[in-house]
Amino acid sequence: FLHAASLLQSAPNQCIVVEDATAGVEGAKRAGMKCIAVCTTHPKEDLQQADIVVERLTDLAPAELESLFAQ
């Protein structure tokens, strides 16, 4: 994740990672990035470390996405 942020010339705290794996969510958070977890491979309970957890990306409201950078 940090390498991708570097390639994009973006600070980690300005990045959002979309993940469906617990290890991916953990990696995003360790990198200092915001994380949206999608419950495609793991139940919601396993993805609680993410900033936002949704069943599918279409469930994500624009206000929720904007709130990630208001935190």
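Cys15 is buried in this predicted model, with a relative accessible area of 11%. Cys39 is buried too, at 15%. If you were hoping for a disulfide, the count comes to zero. Cys15 is in no disulfide, and the nearest cysteine sulfur, that of Cys35, sits 12 Å away. For Cys39, the closest cysteine sulfur is again in Cys35, at 11 Å, which is too far for a bond. A disulfide here needs the two sulfur atoms within 2.5 Å.

**Salt bridges**

What about charged side chains? The count comes to two salt bridges, and here they are:

| Pair | N to O distance |
|---|---|
| Glu26 and Arg30 | 2.7 Å |
| Lys29 and Asp51 | 2.8 Å |

Take the Lys29 and Asp51 pair. Lys29 lies in helix 2, while Asp51 is in the loop between strand 2 (34-38) and strand 3 (52-54), so this salt bridge ties together parts that are 22 residues apart in sequence. Lys29 is partly exposed, with a relative accessible area of 25%, and Asp51 is partly exposed as well, at 27%.

The other pair stays inside one element: Glu26 and Arg30 both belong to helix 2 (residues 22-30) and are four residues apart, about one turn of the helix. How exposed is each partner, Glu26 and Arg30? Glu26 counts as partly exposed at 30% relative accessibility, whereas Arg30 is exposed, with 70%.

**A buried acid with no partner**

Now for Glu19, which is placed in strand 1 (residues 16-19). Glu19 is buried yet has no salt bridge. Which side chain of opposite charge is nearest to Glu19? That would be Lys29, 13 Å away. A salt bridge needs the nitrogen and the carboxyl oxygen within 4 Å, so a gap like that doesn't qualify.

What does Glu19 touch, then, leaving out residues up to four places away in sequence? Its contacts are Phe1, Gly24, Val25, Cys35, Ile36, Ala37 and Val38. Cys35 is also the residue holding the sulfur nearest to that of Cys15.

**An odd backbone angle**

One last thing to look at is Gln9. Its phi is positive, about 55 degrees, although Gln9 is not a glycine. Most residues other than glycine have a negative phi. Where does Gln9 sit? Gln9 is found in the loop between helix 1 (2-7) and strand 1. With 75% relative accessibility, Gln9 counts as exposed, whereas Glu19 is buried.

Terms used
Residues are numbered from 1 along each chain as its sequence is written. This is a predicted model: local features need pLDDT of at least 70, side-chain atom pairs count only at pLDDT 80 or more; totals for chains, interfaces and linings use all residues. Side-chain values use heavy atoms; hydrogens and water are left out. Helices (H or I, at least four residues) and strands (E, at least two) are DSSP runs, numbered from the N terminus. Buried means under 20% relative accessible area, exposed over 50%, partly exposed in between (1.4 Å probe, protein chains only). Lys and Arg count as positive and Asp and Glu as negative; His and the chain ends are not counted. Contact means heavy atoms within 4.5 Å.
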